[in-house]
Amino acid sequence: MTLENIHDLVCNGKTRLVPGAVSEALDDGIAAADILNTMIAAMSVVGERFSKNEIFVPEMLVAAKAMKKGVDVLKPHLSDGGVGRMGKMIMGTVAGDLHDIGKNLVIMMIESAGFEVIDLGVDVPIDRFISAYEENPDTRIIGCSALLTTTMPALEQTVAAINQQPWRGKVKVMVGGAPITQEFADKIGADAYTEDAASAAQKAKELVA
């Protein structure tokens, strides 16, 4: 099994075929890190296609799931911690907001970019974001999502609380969600805003570079 085949399988969202292909590549002596990097490159292609409207959310979700299946096979072989090699990110949907499809898609794309993601779930109170960082002080990014216009104030309050923490200079804050704009992100003091999951993964890599 060649790396090119694995690349194509992930790009095309062949969820059932990816684990076998990864196992075969490992058996052929291909390094786990090379396989991981190939899958990450495939997800970059998927993200690019999505941003050009060549594919849509369902196709991107399937590709991310395919990569996740491949990563599950690779994990025992990645003694260097390659899966989380970009660092940790905390992610949650703000208090009062129960939507998780967008957040979950962002998490899959961020994990595909090489981050370890701590998923706080939905309806996350401010103090949970703060305690999650204090429990994981090596976290590099905190991501806060709001999918409703009515939960934008909760997003603003969450970012304001994070901005007051003594450790604020050690972490980047990313925000997103359907009603959020760059202007709103700037106003509330976030470090970054992205409008979709593909660009979120790209932005996360830029923030920790």
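Which strands does helix α6 (residues 126-135) lie across? Select α6 in this predicted model and look at the sheet beside it: the helix lies across β1, β2 and β3. With respect to β2, helix α6 runs at about 165°.

**The sheet**

Next, select the strands. There are five, forming an open sheet with parallel pairing, and their order is β2-β1-β3-β4-β5. The edges are held by β2 (116-124) and β5 (192-193); each has a single partner strand, so one side of each is left without a neighbour in the sheet. As a general point, strands of a sheet pair through backbone hydrogen bonds, either parallel or antiparallel.

Now display β1, residues 88-94, together with β3, residues 139-145. These two strands pair in the parallel sense over six bridges. To find one point of this pairing, select Gly92, whose bridge partner in β3 is Cys144.

Turn to the pairing of β1 with β2. Here the two strands run parallel and are joined by six bridges. Select Met91 and locate Asp119 of β2, which stands opposite. To follow the chain from β1 to β2, trace helix α5 (residues 101-112), through which the chain crosses. This β-α-β crossover is right-handed.

**Helices around the sheet**

Return to α6 and add helix α7, residues 152-163. The axes of α6 and α7 come within 9 Å and cross at roughly 35°, and the crossing is right-handed. Which residues make the contact? On the α6 side they are Ile126, Phe129 and Ile130, and on the α7 side Gln157, Thr158, Ala161 and Ile162. By class, the contact of α6 with α7 comprises five nonpolar residues, two polar and no charged.

Go back to strand β3, which pairs with β1 in the parallel sense. Helix α9 (residues 197-208) packs on the sheet, where α9 touches β3, β4 (172-176) and β5. The direction of α9 makes about 165° with that of β4.

**The N-terminal helices**

Move to helix α1 and select residues 3-11. Its buried residues are Ile6, Leu9, Val10 and Cys11. Among the elements that cover these buried residues are α2, α3 and α4 (57-74). Just after α1, select Gly13, which takes a positive phi of about 65°.

Now show helix α2 (residues 18-27) with helix α3 (residues 32-51). Their axes are 10 Å apart and the helices pack at an angle of about 145°; the crossing is right-handed. For α2, the contact residues to select are Val18, Val22, Ala25 and Leu26, and for α3 they are Ala32, Ile35 and Met39. The contact of α2 with α3 has seven nonpolar residues, no polar and no charged.

**A residue in a loop**

Finally, select Leu148, which lies in the loop between β3 and α7. Is Leu148 buried, exposed or partly exposed? Leu148 counts as partly exposed because its relative accessibility is 29%, and the partly exposed class lies between the limits of 20% and 50%. Leaving aside residues up to four places away in sequence, Leu148 touches Asp97, His99 and Pro179. Draw a C-alpha to C-alpha distance from Leu148 to His99: the two residues are 49 residues apart in sequence and 8.6 Å apart in space.

Technical notes: Residues are numbered from 1 along each chain as its sequence is written. This is a predicted model: local features need pLDDT of at least 70, side-chain atom pairs count only at pLDDT 80 or more; totals for chains, interfaces and linings use all residues. Side-chain values use heavy atoms; hydrogens and water are left out. Two strands pair if DSSP finds at least two bridges between them. Helices (H or I, at least four residues) and strands (E, at least two) are DSSP runs, numbered from the N terminus. Contact means heavy atoms within 4.5 Å. Axes are lines fitted to C-alpha atoms, for helices over the stretch in contact, and angles run from 0 to 180 degrees between N-to-C directions. A crossing is left-handed if the near helix is turned anticlockwise from the far one by less than a right angle, and right-handed if clockwise. Ala, Val, Leu, Ile, Met, Phe, Trp, Tyr, Cys and Pro count as nonpolar, Asp, Glu, Lys and Arg as charged, and the others, Gly among them, as polar. Buried means under 20% relative accessible area, exposed over 50%, partly exposed in between (1.4 Å probe, protein chains only). A crossover is right-handed if, with the strands pointing away from the viewer, the path from the first strand over the helix to the second runs clockwise.
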